[in-house]
Amino acid sequence: MKTSLKFLVALVLAIAALPAAAALNVFACEPEWAALAQELGGDKVSVYSATTALQDPHRIEARPSLIARIRSADLLICSGSELEIGWLPLLLTQSGNSKIQLGTPGYLEASQYVAKLEIPKVVDRALGDIHPGGNPHIHTDPRNISKLAAVLEERLTQLDPANAGTYHSRAKAFLDRWQAAIARWEKEAAPLRGVPVVVHHKAFSYFINWTGMREVASLEPKPGIPPTPSHLAELLDQMKSQPAKVIVYSSYNSPQAAQFLSERSKIPTVMLPFTVGGTERAKDLVGFFDDMIGRLLGVVK
Amino acid sequence: MYGKATTALAIAAALGLPEAVKAQSQDELKALREQVRQLDKRVQDAETTAQQAAVQASNRPTGESAMNPAVSLILNGIYSNLSQDPKTYKINGFVPSNGEVAPPPRGLSLGESELAITANADHMFRGTGIFSVSPENEIEVEEAYIQTLALSYGFTIKAGRFFSSVGYQNQIHAHAWDFTDAPLVMKAFLGNQLSDDGIQLKWVAPTPFYLDLGAEAGRGKSFPAGPDGGRNKNGVSSGNFFAHVGGDFGTGTAWQVGASLLTTSPQDRLYDDVDSTGTPVTNSITGTTRLWVLDGILKWAPNFNPTETYFKVQGEYFRRKESGDLTFDTAGVLGTQTGGYSSAQSGWYLQGVYQFVPMWRVGYRYDRLDAGTTSIGLVDSGALAAADFPILAKYNPTRQTVMMDWSPSEFSRVRLQYAQDKARSDAKDNQVFLQYIVSLGAHGGHKF
């Protein structure tokens, strides 16, 4: 017993003494924030994304591998607005990491820095899995990405002042490229203005708001509740009297419900990348918006 | 609105006046109009944004209730159809654990209602209180603990009453179990579910895969410690050591395996039995207990996205060694006698749950206990007969369970379960349960 205890203590000390990696460890809840942190941090940061574009960020399990990653994080960046309520609090309490707890500079909730849409007037679970703070999928409006780039630059500088210069110049370069891209996208997306759209989940509300599209229905009868046959039948009736131009679902949704409605209403479907990594073309933030607009124009024109 | 456009026009005109005077052509006038239109739009946009911000700011909660902790309430009810009387429930071959191991009463009944309150106390501590109200109107503190937030290097300390990290399922609240009832190993070795008053130190290693090590020191207030309520002594009466390793395989499989060792020294741990003539007696055990548990869980979902479909398999192996003294008839009705006692017993279960379409899951579980070897000094010496300890007569209980459940949302579940329970050596119990579990209030996540 005593030797094994000594061995244990030795093991613990040996692992604890492992040289800490030089780069700042960034734990991003979603790939868009991972991509942004990579743009701004370059080789000064080591970025890990807890989820991919093929996962529903509402429904993530606090897996052991995620606890292992958050344990060594210096900065946490998440969408917030209760998007990660089912798993992030568990990761935080189990992390044993004081650097990224709520209220520390290492804790960054993106949705706090932008104006949110769809803030519910009434908060009740009978309305589905709603977010009292408003729609959390803020990353689908590129203007929100610009805001967060500025916030993130500030945080990186605060946590790692030695590399402030790098963060500043990279952020400036990114924002210059980004503003130019937004101007280009706004021109390209002009034909989308006023186009009626059916969404699977309210995942693209900010994109729809930005491009001036019109969301007329969602396949989910209530937020977070999977599509039901009766709700789809109602939608079919609605589409007969007021047809939408396109049915949109995201990279993590099953296409079944969208295809069901499409076949019967003859309205085309489009799969949109939910975030960076959702499609081959959406390999970074610019590609993400290029692909979303490109895919929509493909059916709307 | 018109006023703003006019202002914008005026500004634009002022800025562009020298050119405007020169500009006679229609084209330039058009360009100017476009500029005005854009300026006007910008003003409007700015105003909308400001309004939105104002609305959001005004929506922030104020007043005393803003600091209220997260509160959730779990409600559950059950219909049970049992071929055997649950009041006669026993697990033959094993010392009774005095826990709530029997199935719920026959017919309709209310399950335990569970009230959970949790919040960060301050920047150092997080507090959690979970209280259950039994259908008999008794309130029980299931868990009440504080947990550190500000320790670094992967350390966390928990203090208070909490479910022990012995094995896998013991730490999970009953409402989150995949079957209505606990595995037989938990019923036989942990008195259904072990919660103790104590302190836990846990360390998560800075490795790319998951590794934790931990130790718990406890009061030993219930089985397998004893007596009920804990011993009247200073220091620590129960210890538990655990380690877990976990990670991902590929892009859809998450796994974790664990080992734990629970040691305690029960003193006068009572249990009820009958002697060879059928007279009820109360016996007691004093000695030491060591319980080893190996556990494993594997969950698969395409791309780690469990929305459509997922599969999970979970199993635990328990092995317990007890030694000390066994006292027959502590009340002295038939004559109190004490002799040596030792046992080496084990058990395991394996279960699989499959969500085949959204909302619907099916599951199967197999339970088995191995009575192993038990030696009773009073029997070996001839002072008493083996028939005077009928509950300890060698028998290997088994159980098979199937279930199907439907969860219209994350917050509600309706489950139908059928089990063939051979915990009793003399009768097979066919159990049918129809159960609902709903959760109100704060979201609350579930541990892996």
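# Two chains, questioned

Modeller: In H8(A), Leu232(A), Leu235(A), Leu236(A) and Met239(A) meet Ala257(A), Phe260(A), Leu261(A), Arg264(A) and Ser265(A) of H9(A). The model is predicted, so local features need pLDDT of at least 70 and side-chain atom pairs pLDDT 80 or more, while totals for chains, interfaces and linings use all residues. Residues are numbered from 1 along each chain as its sequence is written, and chains are lettered from A and ligands numbered from 1 in the order in which they are written.

Colleague: What makes two residues count as being in contact?

Modeller: Their C-beta atoms, placed from the backbone, must lie within 7 Å. The residues that meet between H8(A) and H9(A) divide into seven nonpolar, one polar and one charged. Nonpolar means Ala, Val, Leu, Ile, Met, Phe, Trp, Tyr, Cys or Pro; charged means Asp, Glu, Lys or Arg; the others, Gly among them, are polar.

Colleague: What makes H8 and H9 helices?

Modeller: Helices are DSSP runs of H or I, at least four residues long, and strands are runs of E, at least two; both are numbered from the N terminus. H8(A) covers residues 229-241 and H9(A) covers 256-265. Chain A has 10 helices and eight strands.

Colleague: How do the axes of H8(A) and H9(A) pass each other?

Modeller: They come within 10 Å and cross at roughly 35°. Axes are lines fitted to C-alpha atoms, for helices over the stretch in contact, with angles from 0 to 180 degrees between N-to-C directions. The crossing is right-handed. That word applies if the near helix is turned clockwise from the far one by less than a right angle; anticlockwise would be left-handed.

Colleague: How does the radius of gyration of chain A compare with a compact globule?

Modeller: Chain A has 21 Å, and a compact globule of 301 residues would be near 19 Å, which agrees. The radius is taken over C-alpha atoms, and the globule rule is 2.2 Å times the number of residues to the power 0.38. Along the principal axes, the C-alpha atoms of chain A fill a box of roughly 75 × 50 × 35 Å.

Colleague: Where are the domains of chain A?

Modeller: Domain 1 is 14-184 and domain 2 is 191-300. Such bounds come from an automatic or database domain assignment. The two centres, taken over C-alpha atoms, are 25 Å apart. Across the boundary, 29 residues of domain 1 of chain A are in contact with 24 of domain 2 of chain A. H2(A) gives the most to the domain 1 side, with five residues.

Colleague: How far apart are the centres of the two domains of chain B?

Modeller: They are 71 Å apart, over C-alpha atoms. Domain 1 of chain B is 2-59 and domain 2 is 72-441.

Colleague: How many residues join the two chains?

Modeller: 40 residues of chain A are in contact with 45 of chain B. H3(A) supplies the largest share of the chain A side, five residues. That side divides into 18 nonpolar, 14 polar and eight charged residues.

Colleague: Why is Phe304(B) called buried or exposed?

Modeller: Buried, because it has 26 C-beta neighbours inside 10 Å. The cut-off is 20 or more other C-beta atoms within 10 Å for buried, 12 or fewer for exposed, and partly exposed in between, with C-beta atoms placed from the backbone. Phe304(B) lies in the loop between strand S12 (280-300) and strand S13 (310-328) of chain B. Its phi is positive, about 60°, although it is not a glycine.

Colleague: Why is Asn137(B) called buried or exposed?

Modeller: Exposed, because 6 other C-beta atoms lie within 10 Å. Asn137(B) sits in the loop between strand S4 (125-133) and strand S5 (139-148) of chain B. Phi is near 70°, a positive value in a residue other than glycine.

Colleague: What does the count say about Ile199(B)?

Modeller: It is partly exposed, because 15 C-beta neighbours lie inside 10 Å. Ile199(B) belongs to strand S7 (residues 195-204) of chain B. Leaving aside neighbours within four places in sequence, Ile199(B) is in contact with Ile157(B), Ala159(B) and Ala217(B). The C-alpha atoms of Ile199(B) and Ile157(B) are separated by 7.2 Å, with their places 42 residues apart along the chain.

Colleague: Which kind of peptide bond joins Phe223(B) and Pro224(B)?

Modeller: A cis bond, with omega about 5°. Gly226(B) and Pro227(B) are also joined by a cis peptide bond, with omega about 0°. Most peptide bonds are trans. Pro224(B) is in the loop between strand S8 (210-218) and strand S9 (238-249) of chain B, and Pro227(B) is in the loop between S8 and S9.
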